[in-house]
Amino acid sequence: MQQDVADMGPIDYLIVEFPGSRMTGEGMPLLVELVEDGVIRILDLVFIQKGDDGSVAVLEFRELGDQAELTVFEGASSGLLDQGDLDEAGAALEPGNSAAVIVYENLWAAPLARALRRGGAQMVAGGRIPVDALVASLDAMESARPGGAVTAG
């Protein structure tokens, strides 16, 4: 990476599984928009497929079909991901499925991160709350309220 790491925003990754290796490309225009709007910067984008025997293979962009949006990201590789990372990502997949492994910088947070670092602060933990867990938590809070669920309307 040519950018000074101290100037970067937080780095995240996503593993997006496609059941039955069925990639529609529906999300690609939105990913392109996030990049073009300066919200994120793609550091790595790799497509993998998990074989029935548990092996993980990297898919070339040309193997993914006629998804013109993908050519924008062809060659997006920072070198952060190695085969061990891809094997680990593949462990999260069901056999026969494929996935996009995306490593990205949160550009929107870079100015805040730089300011915090200048002040001596450092990120010591991070994480994500899965949407299903959030919905379950909200449902549990709602049902615990006196009188049960309240509906908007």
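**Exercise 1.** Determine which residues L14 touches, not counting residues up to four places away in sequence, and decide whether L14 is buried, partly exposed or exposed.

*Solution.* Begin with the contacts, where contact means heavy atoms within 4.5 Å: leaving out residues up to four places away in sequence, L14 touches A100, V101, I102 and Y104. Next, take one of these partners, A100, whose C-alpha atom is separated by 7.8 Å from that of L14, although the two residues are 86 residues apart along the chain. Finally, consider the accessibility: L14 counts as partly exposed because its relative accessibility is 38%, and the scale calls a residue buried under 20% relative accessible area, exposed over 50% and partly exposed in between, with a 1.4 Å probe and protein chains only.

Before going on, note that this is a predicted model, in which local features need pLDDT of at least 70 and side-chain atom pairs count only at pLDDT 80 or more, while totals for chains, interfaces and linings use all residues. Residues are numbered from 1 along each chain as its sequence is written, and side-chain values use heavy atoms, with hydrogens and water left out.

**Exercise 2.** Place L14 in its strand, and work out in what order the four strands form their sheet.

*Solution.* L14 is found in strand β1, where strands are DSSP runs of E with at least two residues and helices are runs of H or I with at least four, numbered from the N terminus. The four strands form an open sheet in the order β1-β4-β2-β3, with antiparallel pairing, and two strands pair if DSSP finds at least two bridges between them. At the edges are β1 (11–18) and β3 (56–59), each of which pairs on one side only. Eight bridges join β1 to the antiparallel strand β4, residues 98–106, and within this pair I15 stands opposite V101.

**Exercise 3.** Find which residues make the nonpolar surface patch of about 410 Å², and classify M141 by its accessibility.

*Solution.* The patch is made by I129, L134, L138 and M141; its members need over 30% relative accessible area and no salt bridge, and nonpolar side chains (Val, Leu, Ile, Met, Phe, Trp, Tyr) are joined within 5 Å. A salt bridge here is a side-chain nitrogen of Lys or Arg within 4 Å of a carboxyl oxygen of Asp or Glu. M141 lies in helix α4, which spans residues 131–144, and M141 counts as partly exposed because its relative accessibility is 47%.

Definitions and conventions. Patch = residues over 30% accessible without salt bridge, like charges linked within 9 Å, V, L, I, M, F, W, Y side chains within 5 Å. Areas by Shrake-Rupley, 256 points an atom, 1.4 Å probe, with all protein chains shown as cover.
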